[in-house]
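Trainee: Could you walk me through reading a structure, one feature at a time? I would like the general idea and then the case in front of us.

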Amino acid sequence: MTSLNSANFLLNLVHFNREIAIRVFRAATEMGIRTVAIYSEQDKQQMHRLKSDESYMVGKGLPPVAAYLNIPEIIHIAQENNVDAVHPGYGFLSERSDFAQSCVDAGIRFIGPSPEAIRRMGDKVEARQAAIDAGVQVVPGSPGPVKDVQEALEFCETYGLPVIFKAAYGGGGRGMRKVTTIEEVPEAFERATSESEAAFGNGALFLEKFIERPRHIEVQILGDKYGNVSHLYERDCSVQRRHQKVIEVAPAPMLPTEIRDQMTRDAVRLAKHVGYENAGTVEFLLSESGKYYFIEVNARLQVEHTVTEEITGVDLVTSQIRICEGHSLPEIGASQHLIYPNGCAIQCRMTTEDPAKNFQPDTGRIEVFRSGEGMGIRLDSASAYAGAIISPYYDSLLVKIIAHARNHERACFKMNRALKEFRIRGVKTNAPFLMNVLKHPKFMSGVVDTYFIDENPGLFNFEASQNRAQKLLYYLGEVMVNGPQTPLATDIRPADIVPTVPNVPYSPTYPKGWRDVLKEKGPEGFAKAVREHEGLLLMDTSFRDAHQSLLATRVRTHDLLKISPFVANSSMSNLFSLENWGGATFDVAMRFLHECPWERLEEMRKLIPNVPFQMLLRGANAVGYTSYPDNVVYKFCDLAVQSGMDVFRVFDSLNYLPNMMVGMEAVGKAGGVIEAAMSYSGDITNPEKTKYTLDYYMKLADELVKGGTHILGVKDMAGLLKPQAAKLLISSLRDKYPEMPIHVHTHDTAGAGVASMLACAQAGADVVDVAVDSMSGMTSQPSMGALVGSVERTPLETGLNPQDIYQYSAYWEQCRQLYGPFECTVTMKSGNSDIYENEIPGGQYTNLQFQAFSLGLADQFEEVKKMYKEANLLLGDIIKVTPSSKVVGDLAQFMVQNKLTPQMVHDRAEDLSFPQSIIEYFQGYLGVPPGGFPEPLRTKILKGAPIVEGRPGETMEDFNFSELKTDLEEKHGESMNDKDLVSAALYPKVFDDFCDFKRKYGPVTHLDTKTFLVGPDIAHEHNVEIERGKTLHLKTLAKGDLDAMGRREVFFELNGQLRSVFVKDNEAMKEIHIHPKALKGVKGSVGAPMPGEVLSIKVQPGEDVEKGQPLAILSAMKMEMVVQAPIDGVVKSISIERGMKLEGDDLIMEIE
């Protein structure tokens, strides 16, 4: 016999990414044998090439599969490089007798069975006959390959259904199709033939009767040249999907000894009968009754050979080589009496498939790879490393994990632990599914059949992988390559500053605050306690309205939470409330800050449990800009209270009582404190202004008190409430309602805010609004420090310590510098008393000025302000607060841009194309303004458009939240809670975009504000705390050059490890042609469910299609997938051609 020691060794691997290449190299190296690899042109970067001593390209210019099927060239490479032996691994040529014969003919040893044995066992029909001749029971099946559909139909009629098509010249689940109805036969035959041809180079099929509920048991055998055959016990491969093994166990759990002995004897008998040499596997189906049937012999090494090696200690690859050298089984220590099982081993095949999408294969670049290891864990892999490219050409196997322990249960625990340690990013894997299988009670018991996966849908309930770190790197890369992901309003960059948070000594308890009163006494008792309180109470707007007015509502949760503990643990706990939610913050949080407003509320509540939270509720508009069905408003208020909201300032943009009553009732039902607020406009001390008089407000107050408000609010959104008017209004309300708490809100645009609030307090107001000093003034609220100082040592003393205010203000002053891109003082240098004329609300004043300057119309801002007054009068001199203020602003800008006077608007109203907000206002979608709509202007503008009579939401049908939940979960692929549903009901498009952003970029709310807005600088280091006790250390390294695909690679160091992400350069992409993507959420826009190649197109443009009808067939990783029509309709366009390579979500066709 001739030893292969020091000889060359060629590995022919069809599946380059399979670990078997490296597995064989390792065994050969241990034996002192040099190794040679072949690789296709597409696989030159693959690991198996680098692990061999030599490597040579095969099939240059050919597709990768064809390259590895090129027998003449493979033999030529072997001869040219003095190769003595070939190991076929497993895959395309491993069971091809013509390949084995070609090796023998060329004088090259084939490490495997003889060509004749491969031919005989590879032919399923002949193998079946051999089993019969050897006295082994077989499953009823066709006597030879099935020639056509007609022959298949005749077999079905003879033996009955179900039956199964199988590839005659290969295994691994390829070319297998179960048939349960006669109608399925033609399609199953076509698909199985096509798959077999692609996988094995031969599309021949045979048919078998399908055995119901079997266990799949296989016996590992070794045979030598001298007629010796040993078995290495059995493996249970019953956990299968699409007839492909997913998890294998050795030995088979709970298999009766007598069945094991009979099965292994039959396997050995069959091997001896055919003169089998080298390694092979004899496969059986074990029925529920305990009867087993031979199904096939795999004349090669199996993927799952590892578990046999673990329990027997026999190196099967080394044994193959020794047998090829001519050694006998006794000589290599593989006699039957020396082989016995020790413990239990489990193998999991981790694949690049997405179990949440029916195991759709995934391809791409592995961005992160961290393995699970430890005692009793073995990993066999080749492409499992960061930077590896997973292509669509081959099987989806990524890594085999093998766990070995004393028994089946311990092996399950060990495997689950190892799987949990894996971190793989960039491609989807089936790891979540594997973990569900391993902890399933039935699998833990050890007895499952091939129906296990199909009958346990709970295996597909997954906890979504958060992948937070990698998503954040993508976000940072996106900002570095394509600029800020939230629009910036000015050229001022965020300051390079970390705001100083005042020190808060640890204490397990919090100072008692007004929220404790509310929790103890309820809304009515709370209101009574407020009224009985002797000093002046303050509401701080710094957390909402102040930054809405000064910084475009852009302050992030990240910065709000930093200062929250100080508020809860200092004299700030004496505040009546913190205004921190509602209004524009709800919209802006999702739209521009990419964070969840509900999470903001809940996180603040955890840190500030003792101060009441207050929000703006736009009556029947909730926190939106239009009317909604009443059940939306009710559900919103209920969820807001559950999430930590306490006081609701309920108002309506037109003071329209029916709208306000809906909000008040919703708040009351939810258990919140109702603060019904009258929106103040005009000047009650000016006798020339006769619309919004003291009498008007007193009557409005009567209705609000009757409606059940707990607190009476006055909302002076433009800062029009002068001190003398404040004294008149508040004293009149106090005289009429001595037991009712009064709360006043204003803006300091004119500069008289402190004086007005002092007048209110002295006239009997219980609560007034302020902002901390550094966030006060101009279009914000009056200064907290100024007001506190003004009432020191008087009966109105607030209980706030000036030293705490100074520290609080210092934090906000530094924090404000982070928001330079939104700083109003770029254009606004001071307040302006002209608001007494134009009556522009504080927040809108800032926005209008921003818009004018950004459009290069700074010189026209004065004209806009003047026209705002005229627009207000044209609309009927209305209350101006969001959303009615927007109507006035839109009309004012429309008039300025078109150089229209009020008279011209009247004269040309029927011919002008007005902004939509103006049309909807006149239709009545916001309600009815005091005094009604101005005529004939309303009629002229509407031009016959429909009119809403009464309260807009009154005639709306209840919103269908169940239907919305179904739609959203289908669209976004994730579970939706009630808060998500309300967000989507209020802002459908904004919520969809927010979900898409979050899914792509993760929890950006954890980034510091400067990094979030403008991205990190090169070499910048910073920490990101993604949750308590979990901190990421990030360092930005470099931004790469543009590649051929229009991408830039951005490099980072994450927790000391190199990471990189590829980001498409949006500017460069304008010049590069790319295949269009299917539109998310548009059912008629059909995208590729997986990367792959187009095999065939089943329809034509203009053709009628029905839901479920086949549209096209794709192939990836040797699996074919039928793309079906998602809806009924007509094919509008087709974007693919036969043979085209597609990426995931590439547009296939559009259906109307």
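Mentor: Gladly; keep in mind that this is a predicted model. Let's begin with crossovers, where the path from one strand over a helix to the next is given a hand. Here β27, helix α24 (residues 694–706) and β28 form a β-α-β unit that is right-handed.

Trainee: How many bridges join β27 to β28, and in which sense do the two strands run?

Mentor: Strand β27 (residues 673–679) is linked to β28 by five bridges, and the two run parallel. To fix the register, start from E675, whose bridge partner in β28 is I711.

Trainee: Where does the chain go after β28?

Mentor: It goes on to another right-handed β-α-β unit, made of β28, helix α25 (residues 723–736) and β29. From β29 the chain then crosses through helix α26 (residues 753–763) to β30, and this β-α-β crossover is right-handed as well.

Trainee: Which residues of these strands face each other?

Mentor: Strand β28 (residues 711–715) pairs with β29 in the parallel sense over four bridges. V714 stands opposite V744 in β29, and K715 has H745 as its bridge partner there. On to the next pair: β29 and strand β30 (residues 767–770) are parallel too, with two bridges. In β30, V744 has V768 as its bridge partner.

Trainee: Which way do the side chains of β28 point, and are they buried or exposed?

Mentor: For burial, look for a relative accessible area under 20%. In β28, I711, G713 and K715 point one way, L712 and V714 point the other way, and all are buried. Because five of the five residues of β28 are buried, the strand is largely enclosed by the rest of the structure. Strand β29 (residues 742–745) can be read in the same fashion: I742 and V744 point one way, H743 and H745 the other, and all are buried.

Trainee: What about a sheet with antiparallel pairing, and which strands stand at its edges?

Mentor: Look at the open sheet of four strands in the order β35-β42-β40-β37, with antiparallel pairing. β35 (1085–1087) and β37 (1104–1105) are the edge strands; each has a single partner strand, so one side of each is left without a neighbour in the sheet. Inside that order, strand β40 (residues 1129–1134) and strand β42 (residues 1147–1151) pair in the antiparallel sense over three bridges. V1131 has I1151 as its bridge partner in β42.

Trainee: Now helices. Where is the kink in α19?

Mentor: A kink shows up as an angle between the axes on either side of a residue. In α19 it lies at I563, is about 35 degrees, and comes shortly before the proline P565. Helix α19 (residues 557–569) has 13 residues and reaches 19 Å from first C-alpha to last, close to the 18 Å expected at 1.5 Å a residue. I563 is also one of the buried residues of α19, as are L560, F566 and V567. The elements covering the buried residues of α19 include β24 (577–582), α21 (597–607), α28 (802–817) and α39 (1009–1014).

Trainee: How many residues of α37 are buried, and which residue caps its N-terminal end?

Mentor: Helix α37 (residues 978–986) is mostly covered, with seven of its nine residues buried. Its cover includes α20 (584–591), α21, α22 (630–642), α36 (961–972) and α38 (988–1001). The cap at the N-terminal end is N977: a side-chain oxygen lies 3.0 Å from the backbone nitrogen of K979.

Trainee: Last, how do I read a single residue, say E218?

Mentor: Find its element, then its burial, then its contacts. E218 is found in strand β9 (residues 215–223) and is buried, with a relative accessible area of 0%. Its side chain makes a polar contact with the side chain of Q302 at 3.5 Å. Leaving aside neighbours within four places in sequence, the residues in contact with E218 include Y233, R235, K245, E283 and E304.

Trainee: And W514?

Mentor: W514 lies in helix α17 (residues 514–532) and is buried, with a relative accessible area of 12%. W514 and V611 are 97 residues apart in sequence and 5.7 Å apart in space, C-alpha to C-alpha.

Key
Residues are numbered from 1 along each chain as its sequence is written. This is a predicted model: local features need pLDDT of at least 70, side-chain atom pairs count only at pLDDT 80 or more; totals for chains, interfaces and linings use all residues. Side-chain values use heavy atoms; hydrogens and water are left out. Buried means under 20% relative accessible area, exposed over 50%, partly exposed in between (1.4 Å probe, protein chains only). Two strands pair if DSSP finds at least two bridges between them. A polar contact is a pair of N or O atoms within 3.5 Å; within protein, one must be able to donate a hydrogen and the other to accept it, and residues adjacent in sequence count only if both atoms are side-chain atoms. Contact means heavy atoms within 4.5 Å. The expected span of a helix is 1.5 Å times one less than its number of residues. The bend at a residue is the angle between axes fitted to the seven residues ending there and the seven starting there.
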